[in-house]
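This report describes the architecture of one chain and its arrangement with a second copy. The structure is shown below.

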Number of protein chains: 2
Amino acid sequence: MENTVTKLFGIKYPIIQAGMIWTSGWRLAAAASNAGCLGLIGSASMYPEVLRAHIRQCKLATDRPFGVNVALIYPQVEELMQIIVEEKVPIVFTSAGNPKTWTSHLKEHGIKVAHVVSSAAFARKAQDAKVDAVVAEGFEAGGHNGRDETTTLCLIPMVRQVLDIPLIAAGGIGTGRTMLAAFALGAEGVQVGSRFAASVESSMHEAFKQKIIDLKEGDTQLALKKLVPVRLVKNAFFKQVEEAESRGASAAELQEILGRARAKKGMFEGDLDEGELEIGQIAALFNSILTVDEIVNDLVKEFNQAQSELKGLLL
Amino acid sequence: MENTVTKLFGIKYPIIQAGMIWTSGWRLAAAASNAGCLGLIGSASMYPEVLRAHIRQCKLATDRPFGVNVALIYPQVEELMQIIVEEKVPIVFTSAGNPKTWTSHLKEHGIKVAHVVSSAAFARKAQDAKVDAVVAEGFEAGGHNGRDETTTLCLIPMVRQVLDIPLIAAGGIGTGRTMLAAFALGAEGVQVGSRFAASVESSMHEAFKQKIIDLKEGDTQLALKKLVPVRLVKNAFFKQVEEAESRGASAAELQEILGRARAKKGMFEGDLDEGELEIGQIAALFNSILTVDEIVNDLVKEFNQAQSELKGLLL
């Protein structure tokens with residue numbers, strides 16, 4: 001398949017490996033790029049110089065295009081952007097902020113920019129800011145989430161209507177069938193998070209990887225809506241949040257319960273009870289920790305299989 | 001297309017028109033059946049003898065198969081079932097209850113039974129209860145909703161894994177592309193609600209039909225989770241519920257705010273501020289009130305168009 005997304009990024013498959021906190025280091029990004037996808041380093045859990053080290057390692061580990069995901073609310077975002085330019089990273093995915101702030105600066109340095117949104121309204125703003133592509137992420141996604149709670153099935157056609165640039169679907173996509181569904185809805189690429197989080201090359205703690213593949217349907221939920229909505233595994237920490245929210249706890253109280261470094265505690269240090277465990281609904285379908293190559297092979301095989309089953313089916 | 005769903009119900013298209021309260025009377029059901037779909041009368045907002053009248057009118061208005069949706073929590077469910085048997089309704093869709101209670105009784109009378117679920121666990125129970133098909137409905141659906149909040153994109157593959165019988169996808173399906181996505185995920189039919197709610201033949205109040213087609217993304221939300229989760233338009237009544245939930249209101253207080261007959265007030269009597277307005281997320285894509293024939297034509301046309309765009313696309 002060659003399409004607007006593969007051409008834009010110079011990749012074989014229109015599959016983006018999401019740049020997730022505590023997960024997407026150079027090992028994962030390089031493996032994804034080597035497998036024909038676009039690998040993304042997730043910078044939001046990295047100090048600036050840590051990001052630089054990951055970028056340099058990634059360059060050594062692959063000669064294919066890769067990128068960095070930058071959360072625009074990151075306190076030292078200017079340092080991150082400077083490093084990205086200095087290190088000549090070819091592609092940046094921005095999220096959680098205004099796409100106007102950095103897009104033109106990055107593009108002046110020849111960097112391709114995609115921006116992550118959760119609504120058609122934000123997609124239009126990203127297009128107006130002259131990004132090269134939009135990632136539209138639905139309610140089923142792990143981690144931070146939009147306030148409208150629009151699901152991927154509804155979101156992609158709504159975003160498609162307002163975009164002239166390439167559209168990448170995210171949220172709930174971790175298998176070939178869900179990828180094909182995204183294409184049926186009008187997407188030209190997919191961003192896959194949870195499935196790569198439970199890969200051999202992911203930097204998540206092994207205990208959390210095991211937890212991910214043990215999850216069943218209904219084992220994640222959106223929480224902390226009075227702060228920033230985030231999809232979490234329903235562990236002991238989640239239940240504490242849920243109890244507080246049920247009795248009407250204020251944002252300040254929720255912030256106190258959340259405290260600091262909860263995501264690191266859970267996802268990187270492996271505290272499955274007291275940590276914040278971010279993962280998407282689709283994780284309930286995963287049964288084993290796989291290498292990135294195995295994951296990509298499975299995605300391609302199931303996509304093509306589902307296509308052959310649909311082939312010629314007309315109403 | 002001929003498949004397990006069209007053969008099971010004896011219909012042309014694998015499209016079920018959902019049996020919705022205050023919406024799906026004989027006019028809508030007969031129009032849907034005449035258009036080649038399976039029309040369903042929604043009995044949950046009908047007194048038993050009102051249902052009998054609708055069934056009789058429906059028989060006069062179509063010679064194609066049609067069915068009745070029965071919410072198993074309905075207080076006079078025995079009277080409804082007796083009328084359904086007496087009137088020789090060929091198909092029943094049950095929801096909101098245990099599929100074991102009525103399935104064998106209905107099947108002894110030659111009635112085909114489908115059961116609506118929101119999880120793979122309930123799907124397995126429905127299959128064990130020997131229903132003929134399962135409807136799996138995701139988080140984006142209007143009205144009553146499951147507690148797991150699993151979206152259609154994630155739910156359909158999870159349910160598909162555990163079912164040997166036909167699977168009908170619901171929630172977020174109101175266009176040909178979303179229908180094709182459901183097929184890509186492994187469904188063999190779709191149940192369409194919101195799109196038919198805003199049809200000429202729907203018995204909803206005209207003011208609410210107009211409201212539906214004016215909705216934008218983010219204009220509905222799941223509420224009343226301490227009672228039964230229900231997706232509602234964010235009107236004045238919703239905001240009163242939201243404020244109460246935010247401060248931790250108890251189930252008893254929410255029940256008092258809800259009161260009685262809120263859905264009738266909104267959906268049938270057209271009180272757009274104080275009524276309970278149940279509709280799905282996908283309604284944000286609809287721009288006009290259409291006849292059932294126009295809706296079915298659009299679904300078929302867009303499905304086939306999307307198929308032709310996907311055709312031959314392999315990874």
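What rotation and what shift along its axis superpose chain A on chain B? In this predicted model, the superposition takes a rotation of 180° with 0.0 Å of shift along its axis, and the RMSD is 0.0 Å. The two copies are thus related as by a two-fold rotation axis. Both copies use the same surface, since 100% of the contact residues of chain A recur in chain B.

The interface itself brings 45 residues of chain A into contact with 45 residues of chain B. On the side of chain A that touches chain B, the elements giving two or more residues are helix 7 (152-162), helix 8 (176-184) and helix 14 (292-310) of chain A. The residues of that side of chain A divide by character as tabulated here.

| Class of residue, side of chain A touching chain B | Number |
|---|---|
| Nonpolar | 23 residues |
| Polar | 16 residues |
| Charged | 6 residues |

Turning to the fold of the single chain, chain A has 14 helices and 11 strands. The radius of gyration of chain A is 18 Å, close to the 20 Å that the globule rule gives for 315 residues, so chain A is as compact as a globular protein of that length. The C-alpha trace of chain A spans about 50 × 50 × 35 Å along its principal axes. Of the 315 residues of chain A, 57% count as buried. Among contacts in chain A with a separation of 6 or more, 63% are accounted for by residues 24 or more positions apart.

Note on methods: Residues are numbered from 1 along each chain as its sequence is written. Chains are lettered from A and ligands numbered from 1 in the order in which they are written. This is a predicted model: local features need pLDDT of at least 70, side-chain atom pairs count only at pLDDT 80 or more; totals for chains, interfaces and linings use all residues. Copies are superposed by least squares on the C-alpha atoms of residues with pLDDT of at least 70 in both. Two residues are in contact if their C-beta atoms, placed from the backbone, lie within 7 Å. Helices (H or I, at least four residues) and strands (E, at least two) are DSSP runs, numbered from the N terminus. Ala, Val, Leu, Ile, Met, Phe, Trp, Tyr, Cys and Pro count as nonpolar, Asp, Glu, Lys and Arg as charged, and the others, Gly among them, as polar. The radius of gyration is taken over C-alpha atoms; the globule rule is 2.2 Å times the number of residues to the power 0.38. A residue is buried if 20 or more other C-beta atoms lie within 10 Å of its own, exposed if 12 or fewer, and partly exposed in between; C-beta atoms are placed from the backbone.
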